[in-house]
Amino acid sequence: MIKDICTVIRVKKIADSIFEMVLEGRIADEVENPGQFIHIRVTEGNAPLLRRPVSIAAVDKKNHRLTIIFRSGGQGTLLLSRKVPGETLDILGPLGNGFPVDKVDSGGTAILAGGGIGVPPLYGLGLKLREQGVKVISVLGFQTAESVFYQDEFASLGETYIATVDGTSGTKGFVTDVLNERGFEADILYTCGPLPMLRALEAGDYARETYLSMEERMGCGIGACFACVCRKKDDPNGHSYKKVCSDGPVFKAGEVLI
Ligand code: FES
């Protein structure tokens with residue numbers, strides 16, 4: 001992990017309130033696994049706000065560039081969405097452990113199941129798995145057609161299915177509706193998205209192994225402040241815990257209480 005000043009190369013709105021940003025800096029060279037994240041310091045005037053954790057969607061090590069995708073919701077992400085090329089950002093990263101990409105062999109099948117702003121880290125994961133000769137099936141869930149993004153990018157990796165809550169694009173319903181309907185056979189399932197989706201996928205029987213990435217409110221991002229703790233599933237009294245920022249954000253299904 002390093003602290004770096006990265007340059008904004010591009011900012012583009014790609015769906016309703018969703019922005020794609022390309023950053024250039026040494027942090028790109030340090031990324032080890034898809035699913036890691038960066039912690040961005042956003043300032044308003046001279047006043048620093050809390051850092052914002054944003055997952056890494058793709059890395060271009062040759063050009064020292066990272067692509068991130070975020071939802072502009074609160075004050076920090078709104079300011080981030082207004083950055084223009086040439087501006088710089090103070091960033092800590094890469095943080096977290098990311099997805100284990102060695103759990104599926106070449107020729108195997110992986111399902112990538114993403115919901116909303118949990119979709120971006122799965123794109124970098126899909127690129128890596130394809131490179132390793134793994135068949136990738138992507139199932140992506142959104143609220144409505146206007147919030148769908150990266151459909152073509154995922155389609156370039158393999159079969160891709162969309163679900164929207166209101167049925168305006170793809171299957172009406174949730175990621176689990178697509179999985180139940182299609183009955184894919186897969187060696188492994190990787191997922192990132194809202195907690196109800198993670199719970200449903202953990203409870204289902206969709207692959208031999210499941211890994212889920214948690215999105216938690218974070219403080220320091222480096223394991224020092226306890227803002228992101230979650231309880232371990234095998235500890236009924238709740239005395240032991242895991243930190244999402246440094247032990248995760250990716251956990252094996254059944255490891256932590258979600
Ligand atoms: Fe501080 Fe995880 S955010 S310990």
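**View 1. The largest nonpolar core of this predicted model holds 75 residues.** Ile38, Ile68, Ala110, Ile111, Val139, Leu189 and Tyr190 are the members with the most contacts inside this core. A good place to start looking is isoleucine 38, which touches Ile27, Val54, Ile56 and Ile68. Its contacts also include Ile91, Leu92, Gly93, Pro94 and Leu95, with residues up to four places away in sequence left out of the list. As background, nonpolar side chains tend to be buried together in soluble globular proteins.

**View 2. Six strands close into a barrel in the order β1-β2-β7-β6-β3-β8, with antiparallel pairing.** On average, neighbouring strands of this sheet are turned by 45 degrees against each other, direction ignored. Follow strand β1, residues 2-15, to strand β2, residues 18-24, and you will find 7 bridges in the antiparallel sense. Within this part of the view, valine 11 stands opposite methionine 21 of β2. Helix α3, residues 120-131, lies across β6 (52-60) and β7 (65-71). The helix runs at about 25 degrees to β6.

**View 3. Strand β3, residues 37-41, is mostly covered.** Of its 5 residues, 4 are buried. To one partner, β6, the strand is joined by 4 bridges, and the two run antiparallel. Here isoleucine 40 has arginine 52 of β6 as its bridge partner. Strand β8, residues 88-95, is also joined to β3 by 4 bridges, again running antiparallel. In that pairing, arginine 41 stands opposite aspartate 90 of β8.

**View 4. Arginine 52 and phenylalanine 70 are among the residues under a UniProt "binding site" annotation from an unreviewed entry.** The full annotation in that record covers Arg52, Pro53, Val54, Ser55, Ile69, Phe70, Arg71, Gly76 and Thr77. Arginine 52 sits in strand β6, while phenylalanine 70 belongs to strand β7. Is arginine 52 buried or exposed? Arginine 52 counts as buried because it has 20 C-beta neighbours inside 10 Å, and 20 or more is what a buried residue needs. Phenylalanine 70 is buried too, with 22 other C-beta atoms within 10 Å. Beyond four places in sequence, arginine 52 touches Ile40, Val42, Gly76, Thr77 and Leu80. With the same sequence neighbours set aside, phenylalanine 70 touches Phe19, Val54, Thr77, Leu80 and Ile117. Thr77 and Leu80 therefore appear in the contact lists of both arginine 52 and phenylalanine 70.

**View 5. Four cysteines, Cys220, Cys225, Cys228 and Cys245, are listed by UniProt as "binding site" in an unreviewed entry.** They span 26 residues in sequence, yet no two of their C-alpha atoms are more than 10.1 Å apart, so these cysteines gather at one spot. Look for cysteine 220 in the loop between β14 (209-213) and β15 (229-231). Cysteine 245 lies in another loop, between β16 (241-243) and β17 (250-252). Which of the labels buried or partly exposed fits cysteine 220? Cysteine 220 is partly exposed, because 18 other C-beta atoms lie within 10 Å, under the 20 that a buried residue needs. Cysteine 245 has 27 C-beta neighbours inside 10 Å and so counts as buried. Its contacts, apart from residues up to four places away in sequence, are Leu95, Gly96, Met218, Gly221, Ile222, Gly223 and Cys228. One of these, Cys228, belongs to the annotated cysteines as well.

Key: Residues are numbered from 1 along each chain as its sequence is written. This is a predicted model: local features need pLDDT of at least 70, side-chain atom pairs count only at pLDDT 80 or more; totals for chains, interfaces and linings use all residues. Two strands pair if DSSP finds at least two bridges between them. Axes are lines fitted to C-alpha atoms, for helices over the stretch in contact, and angles run from 0 to 180 degrees between N-to-C directions. Two residues are in contact if their C-beta atoms, placed from the backbone, lie within 7 Å. A residue is buried if 20 or more other C-beta atoms lie within 10 Å of its own, exposed if 12 or fewer, and partly exposed in between; C-beta atoms are placed from the backbone. UniProt positions are given in the numbering used here, feature names are shortened, and annotations may be inferred rather than shown by experiment. A nonpolar core is a set of buried Ala, Val, Leu, Ile, Met, Phe, Trp, Tyr and Cys residues joined through C-beta atoms within 7 Å.
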